[in-house]
Amino acid sequence: MSTHDVDPDSRPAENTVRPGALLRQARQQKGMSLSELAAATRLSGATLTALETDDFRGLGQPVYARGYYRKCAEVLGLNVAALVNAYEAASGTDSPVPRIMQRPSIKYREGAGRTIYLGVSLVLLAVGTAGWWALQPPGLEWASLWEARAPALKAPSPAPAPGVAPADRVEPAPTRAQPDPGETMESVLPPGTLRVVFVEDSWLEVSDASGQQLAYSLFRAGQEREMFGELPYTVYLGYAPGVRLFLDDRPLRIREQVQADDTAQFKVGIAK
């Protein structure tokens with residue numbers, strides 16, 4: 001079942017505000033035709049027709065549909081959040097929660113699997129300790145063991161005569177310089193760091209030259225994301241006008257890469 005294949009038993013109630021009716025009413029109040037709205041929003045007539053008739057299947061993935069509603073709301077003077085919420089309620093599509101991509105260093109099962117793991121670890125520890133003790137020479141006491149392991153203390157050397165430098169004098173190790181309080185983040189971050197600042201909600205996909213995926217999620221306005229890998233990066237933005245990008249704290253100009261539907265796909269960090 002696709003994102004817009006809604007179960008008939010879970011269809012919204014009849015009193016749900018329809019986003020298509022809101023768009024059509026606002027357009028008619030402004031005296032705009034579909035062709036005039038298409039020119040103002042840079043959206044096709046087929047897309048606008050799907051928006052006004054609540055044809056959610058014709059809008060593609062929800063991340064694209066939200067961008068269409070946002071663009072129309074800006075042109076027609078509608079509340080963006082209210083229109084997007086009406087779309088989500090009518091289509092049964094919830095806003096995805098941003099994922100924090102983490103790679104755990106140790107994987108184990110919860111519940112019974114975790115108990116078995118801890119039990120086996122304790123048994124192995126006990127067997128190893130018993131084997132080590134069996135290999136020690138007979139009559140070895142803990143006190144003698146400690147004496148054998150404890151380092152001998154060196155007696156202090158007598159003070160040198162006046163005017164004579166000690167023969168075994170050791171110069172103190174140089175102390176590590178403390179970081180300058182005025183040091184900038186540019187010198188701390190690894191080279192090739194890509195920082196993305198979200199002024200508005202937008203989908204973000206980033207992968208490096210090795211094919212490693214550095215980001216794949218929807219981010220909310222006010223969030224930031226820093227990442228680094230092997231240059232160049234391949235970047236895809238679901239709503240490019242709402243995103244600011246910086247490479248090593250240098251702002252990137254992406255206006256020329258923005259498409260008619262406000263998406264953008266480009267590469268960052270290509271050697272000239």
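Colleague: How do you know whether Asp262 is buried or exposed?

Modeller: Asp262 has a relative accessible area of 2%. Buried means under 20% relative accessible area, exposed over 50%, and partly exposed in between, with a 1.4 Å probe and protein chains only. Asp262 is therefore buried. This is a predicted model, in which local features need pLDDT of at least 70 and side-chain atom pairs count only at pLDDT 80 or more, while totals for chains, interfaces and linings use all residues. Residues are numbered from 1 along each chain as its sequence is written, and side-chain values use heavy atoms, with hydrogens and water left out.

Colleague: Where is Asp262 found, and what is its phi?

Modeller: Asp262 is in the loop between β7 (250-251) and β8. Its phi is positive, about 70 degrees, although Asp262 is not a glycine. Asp54 likewise has a positive phi, of about 60 degrees, without being a glycine. Asp54 belongs to the loop between α3 (45-52) and α4 (62-76), and its relative accessibility is 16%, so Asp54 counts as buried.

Colleague: What makes a stretch a helix or a strand, and how many of each does the protein chain have?

Modeller: Helices (H or I, at least four residues) and strands (E, at least two) are DSSP runs, numbered from the N terminus. On that basis the protein chain has seven helices and eight strands. Of its 272 residues, 28% count as buried.

Colleague: Which strands form the open sheet, and how are they paired?

Modeller: The order is β3-β2-β5-β8, with antiparallel pairing. β3 (213-219) and β8 (264-268) each have a single partner strand, so they stand at the edges and one side of each is left without a neighbour in the sheet. On average, neighbouring strands of this sheet are turned by 10 degrees against each other, direction ignored; the axes are lines fitted to C-alpha atoms, for helices over the stretch in contact, and angles run from 0 to 180 degrees between N-to-C directions.

Colleague: How do you know that β5 and β8 are joined?

Modeller: Two strands pair if DSSP finds at least two bridges between them. Strand β5 (residues 233-237) is joined to β8 by five bridges, and the two run antiparallel. Tyr233 stands opposite Val268 in β8, and Thr234 stands opposite Lys267. Val268 lies on the covered face of β8 with Ala264 and Phe266, whereas Lys267 shares the uncovered face with Gln265. Before β5, a cis peptide bond with omega of about 0 degrees joins Leu231 and Pro232; Pro232 is in the loop between β4 (224-227) and β5.

Colleague: Why does Arg195 count as buried, and which residues does Arg195 contact?

Modeller: The relative accessibility of Arg195 is 18%, so this residue of strand β1 (residues 194-198) counts as buried. Contact means heavy atoms within 4.5 Å. Leaving aside neighbours within four places in sequence, Arg195 contacts Glu224, Arg225, Glu226, Arg244, Leu245, Phe246 and Asp249.

Colleague: What makes Ile116, Val120 and Leu124 a patch?

Modeller: Patches are made of residues with over 30% relative accessible area and no salt bridge, where like charges are joined within 9 Å and nonpolar side chains (Val, Leu, Ile, Met, Phe, Trp, Tyr) within 5 Å. A salt bridge is a side-chain nitrogen of Lys or Arg within 4 Å of a carboxyl oxygen of Asp or Glu. Ile116, found in helix α6 (residues 112-134), counts as exposed because its relative accessibility is 57%. Ile116, Val120 and Leu124 form a nonpolar surface patch with about 310 Å² of accessible area together; such areas come from the Shrake-Rupley method with a 1.4 Å probe, and for residues only the protein chains shown count as cover.
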